[in-house]
Amino acid sequence: MTAYDGHNKELNLVFDSFYKSVKHAYLDKFIKDPVIDKDQANMLLIILQKKKCSKKYIHDCILTTLFVQAALDTHERVVIHGLGPESIKTKNQLTVLAGDFYSSLYYNVLSKNEDVALIRVLAKAIQQINESKMKMYHLEDKKGGLNLADIKVIYASLLKNISHLFHLSQWSNIIEEFFLLKFLCNERASIIEYGYRSKESILGDVSVTFSKKQLLEQLTHLIHVTRERIEDELREENEMTCYVKVRMYELIERYRIEKHCVVEEG
């Protein structure tokens with residue numbers, strides 16, 4: 001059992017709506033279904049329940065946020081060189097179209113609800129995320145090490161901006177630190193399993209500056225530092241800190257297993 005399980009009933013309804021909406025027979029031939037970040041959905045549910053929002057609002061708010069995240073993630077998978085056989089080019093074009101399709105779904109739901117406030121919040125978050133991604137992909141910005149500020153923006157801006165909308169800005173720090181920890185743990189696992197030029201890694205070109213050993217050491221250090229910052233936030237007990245506490249230790253446990261495997265291989 002994980003921290004996800006506490007809210008399964010409500011969130012499963014949202015997940016069903018999500019996968020029914022993104023289903024497209026032709027796209028399915030070329031690209032995989034988008035993957036839902038359950039931490040993002042659970043933490044958004046905590047925010048909306050804290051403010052006693054209606055069930056319909058909770059459903060639509062989480063659903064549209066998942067559409068936005070799916071659009072951002074899908075555009076991330078486009079191969080930029082444009083080379084290869086015609087089938088690869090077709091897949092690239094469809095990946096771009098799929099990302100635009102998911103993005104249109106969020107706008108469609110919110111425009112029907114005339115929820116201008118949430119449209120503005122999500123649009124602001126999208127702008128911030130894309131600006132940070134552009135910085136990350138600029139090679140010169142990577143020579144000094146990992147840019148943690150941009151990583152936090154990329155992975156936490158949607159939730160951070162929504163928490164501001166509902167006057168829960170005091171949760172911004174723990175949201176950012178948790179998603180940074182999750183990113184660092186996942187990156188470390190990805191580098192160990194696939195190598196540090198994995199196409200799944202946003203840090204792929206960091207290998208220009210760091211060796212694999214150096215990058216793993218840096219990630220390990222950052223995981224410990226981030227964990228300490230989260231533990232500072234956990235001194236105040238509330239709905240969000242309780243969830244983050246459980247999930248943090250689940251991630252750390254997984255990280256320890258992977259570390260043990262590396263020692264054995266060495």
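## Buried, exposed and the big picture

Let's start with a term: a residue is called exposed when its relative accessible area is over 50%, and buried when that figure is under 20%. Anything in between is partly exposed. Keep those words handy as you look at this model, which is a predicted one.

The protein chain has nine helices and zero strands. Walk along from the N terminus and the elements read α-α-α-α-α-α-α-α-α. Of the chain's 266 residues, 47% count as buried. Now take the contacts in the chain with a separation of 6 or more: 74% of them come from residues 24 or more positions apart.

## Helix H5 and its two sides

Helix H5 covers residues 116-137, which makes 22 residues. From its first C-alpha to its last it reaches 32 Å, close to the 32 Å expected at 1.5 Å a residue. The buried residues in H5 are Leu 118, Ile 119, Val 121, Leu 122, Ala 125, Ile 126, Ile 129, Ser 132, Lys 133 and Met 136. If you look down the axis of H5, these buried residues fall within an arc of 165°, so they line one face of the helix. A bit of helix geometry helps here: an α-helix has 3.6 residues a turn, so residues three or four places apart point the same way.

What about the other side of H5? Arg 120 and Met 134 are exposed there. Arg 120 has a relative accessible area of 62%, so it clears the 50% cut-off for exposed. Along the sequence, Arg 120 is 41 residues from Asn 161, yet in space the two are 9.9 Å apart, C-alpha to C-alpha.

## The nonpolar core

How many residues does the largest nonpolar core have? It has 76. The members with the most contacts inside this core are Met 43, Ile 62, Ile 175 and Met 240.

Met 240 makes a good example to click on. Setting aside neighbours within four places in sequence, Met 240 is in contact with Met 43, Ile 46, Ile 47, Trp 171, Ile 174 and Ile 175. Two of the core residues just named, Met 43 and Ile 175, turn up in that list.

## Two buried polar residues

Thr 74 sits in helix H3, which spans residues 55-76. Is Thr 74 buried or exposed? Its relative accessible area is 0%, so Thr 74 is buried. A polar atom of its side chain lies 2.6 Å from the backbone oxygen of Ala 70. Beyond its neighbours within four places in sequence, Thr 74 is in contact with Thr 95, Ala 98, Gly 99 and Tyr 102.

Ser 157, in helix H6, has a similar story to tell. With 4% relative accessibility, Ser 157 counts as buried. The side chain of Ser 157 reaches the backbone oxygen of Val 153 at 3.0 Å. Again leaving out neighbours within four places, Ser 157 is in contact with Ala 125, Gln 128, Ile 129 and Lys 152. Ala 125 and Ile 129 are also among the buried residues of H5.

## Salt bridges

Side chains of opposite charge can pair when their charged atoms come close. Here the count comes to ten salt bridges. One of them joins the side chains of Glu 239 and Lys 50, at 3.4 Å from N to O. Glu 239 lies in helix H9 (residues 239-265) and Lys 50 in helix H2 (residues 38-50), so this pair ties together parts that are 189 residues apart in sequence. Glu 239 is partly exposed at 38% relative accessibility, and Lys 50 is partly exposed too, at 37%.

Another salt bridge brings together Lys 160 and Glu 176, at 2.9 Å from N to O. Lys 160 is in helix H6 (residues 148-165) and Glu 176 in helix H7 (residues 172-194), 16 residues apart. Lys 160 is partly exposed at 25%, whereas Glu 176 is buried at 12%.

A third example stays inside one helix: Glu 231 and Arg 227 meet at 3.1 Å, N to O. They are four residues apart in helix H8 (residues 212-233), which means about one helical turn separates them. Glu 231 counts as partly exposed at 29%. Finally, Asp 37, Asp 39, Lys 182, Arg 247 and Glu 250 are linked in a network of salt bridges.

Notes: Residues numbered from 1 in each chain as written. Predicted model: local features only at pLDDT ≥ 70, side-chain atom pairs only at ≥ 80, totals over all residues. Heavy atoms only, no water. Buried < 20%, exposed > 50% of the residue type's maximum accessible area, 1.4 Å probe, protein only. Polar contact = N/O pair within 3.5 Å; in protein donor to acceptor, adjacent residues only side chain to side chain. Contact = heavy atoms within 4.5 Å. Core = buried A, V, L, I, M, F, W, Y, C linked by side-chain atoms within 4.5 Å. Salt bridge = Lys/Arg side-chain N within 4 Å of Asp/Glu carboxyl O. Expected span 1.5 Å × (residues − 1). Arc of directions from axis to C-beta.
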